[in-house]
Amino acid sequence: MRAPFHSVEARAPGKIILAGEHAVVYDRPALAVPVPSVQARVQVRRAPAGFTLRAPDIGLTAALDDLPPAHPLRRAVDLTQAALQAAWPPLEVRIASSIPVAAGLGSGAAVTVALVRALAAFVGRALPPRQVNALAYEVEKLHHGTPSGIDNTVVTYARPIRYRKSRGWQPLPVARAVPLVIADTGRAAPTREMVLGVRQRWQAQPARYEALFDAIADQVAAAQAALAAGDLPALGQALNANHALLQALGVSTPELDALVNAARAAGAYGAKLSGAGGGGNMLAVTDATHQPAVAQALRAAGAARVLCTTLPPTP
Ligand code: PMV
């Protein structure tokens, strides 16, 4: 295939789940938003020969053919090639990401989306978002086993979404700016294991777990209404209730609970774990005045990394 560009770059943002994780695997709705202050960046350049992948953040330099077919980067490249129905010219791919890995911030999905887009752009083609999303979902299966599809969707469309597995996504209206503080336990979130653990407990006690998923869906609806109304105290309440339900699902940890409690004590409207749990991140909703104090309290409570960000109102 003719490559019209010498070098192209594509970026994709991190993401965070506001409400509804785990229940979303069981076809309940969930809310997720992009976190553009962290992102994955992929640069594709012409090379004298071959197809080389370089990802210095994870210490990887490899020829594409030397990676196993089930390696997420190889799979993303192969799926993109199949979608474009063409052979690659000789090229070098550089992957850099400021999104913490295994933290519930969508690093895997963002790398895939940026990689697919950069490769398509390099050969002078643009894949429609629906197709980028479908490819990224296939790669997510390698990371997560049975993903709901929420991560690849929010990263692909890079806007706040309400997501439901059987119905896809809808834009999520946000009436006013929402200050957020995201704090990392420093412990990797083992998504595949956490999702499997919930599945085993659901199989053992289906009625109890279905009721918990329904209760989470109620808090997702409350959070969605609060975002639409710009009611941050109500949003905080819904997130607090969602955290209690995640504790009941068995996915929180003492570290996550300690950070959630520290954020609330420092004046956050509400706080919860975010993502798969077992480690990874929590998030707090605050007003702009309390945001620095909440961040400070989270550092003092042992957070390995704290990120302040503000979800802008939707147009
Ligand atoms: O990728 P994470 O850690 O944000 O977790 C994904 C959220 C889950 O609901 C636990 C799994 C899924 O596929 O939706």
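This is a short tutorial dialogue on reading strands, core and salt bridges in a predicted model.

Biologist: Let's start with the sheet. Which strands pair with β2, and in what sense do they run?

Modeller: A general idea first: in a regular strand the side chains alternate between the two faces of the sheet. Here, β2 (residues 30-46) runs antiparallel to β1 (residues 7-19), and 12 bridges join them. β2 also pairs in the antiparallel sense with β5 (residues 91-97) over 7 bridges, and 3 bridges join β2 to the antiparallel strand β6 (residues 161-164).

Biologist: Which residues could I click on to see the register?

Modeller: For β1 and β2, take Arg-11, whose bridge partner is Arg-41. Towards β5, Val-44 has Val-93 as its bridge partner. Towards β6, Ala-32 stands opposite Ile-161.

Biologist: Now the interior. Which residues have the most contacts inside the largest nonpolar core?

Modeller: In soluble globular proteins, nonpolar side chains tend to be buried together. In this model the largest such core has 105 residues, and Val-93, Met-282 and Leu-298 have the most contacts inside it. Helix α2 (residues 107-122) gives the most to this core, with 11 residues. The core draws at least three residues from each of domain 1 (7-170) and domain 2 (173-311).

Biologist: What does Leu-298 touch, leaving out residues up to four places away in sequence?

Modeller: Its contacts are Val-181, Ala-183, Leu-259, Ala-263, Met-282, Ala-303 and Val-306. Notice that Met-282 is in that list and is also one of the residues with the most contacts inside the core.

Biologist: On to charges. How many salt bridges are there, and how should I read them?

Modeller: Side chains of opposite charge can pair when their charged atoms come close. The structure holds 13 salt bridges. Try Asp-151 and Lys-15, with the closest N and O atoms 3.1 Å apart. This pair links helix α4 (residues 150-157) to strand β1, across 136 residues. Asp-151 is buried at 11% relative accessible area, and Lys-15 is buried at 2%.

Biologist: Where does the pair of Asp-78 and Arg-74 lie?

Modeller: Both are in helix α1 (residues 72-84), and because they are 4 residues apart, about one helical turn separates them. Their closest N and O atoms are 3.0 Å apart. Asp-78 is partly exposed at 25% relative accessibility, whereas Arg-74 is buried at 15%.

Biologist: And why does the Asp-184 and Arg-305 pair tie together distant parts of the sequence?

Modeller: Their salt bridge is 2.7 Å, N to O. Asp-184 lies in β8 (residues 178-184) and Arg-305 in β11 (residues 305-311), so the parts it ties together are 121 residues apart in sequence. Asp-184 is buried at 4% relative accessibility, while Arg-305 is partly exposed at 44%. Elsewhere, salt bridges that share partners join Glu-9, Arg-11 and Arg-41 into one network.

Key:
Residues are numbered from 1 along each chain as its sequence is written. This is a predicted model: local features need pLDDT of at least 70, side-chain atom pairs count only at pLDDT 80 or more; totals for chains, interfaces and linings use all residues. Side-chain values use heavy atoms; hydrogens and water are left out. Two strands pair if DSSP finds at least two bridges between them. Helices (H or I, at least four residues) and strands (E, at least two) are DSSP runs, numbered from the N terminus. A nonpolar core is a set of buried Ala, Val, Leu, Ile, Met, Phe, Trp, Tyr and Cys residues joined through side-chain atoms within 4.5 Å. Buried means under 20% relative accessible area, exposed over 50%, partly exposed in between (1.4 Å probe, protein chains only). Domain bounds come from an automatic or database domain assignment. Contact means heavy atoms within 4.5 Å. A salt bridge is a side-chain nitrogen of Lys or Arg within 4 Å of a carboxyl oxygen of Asp or Glu.
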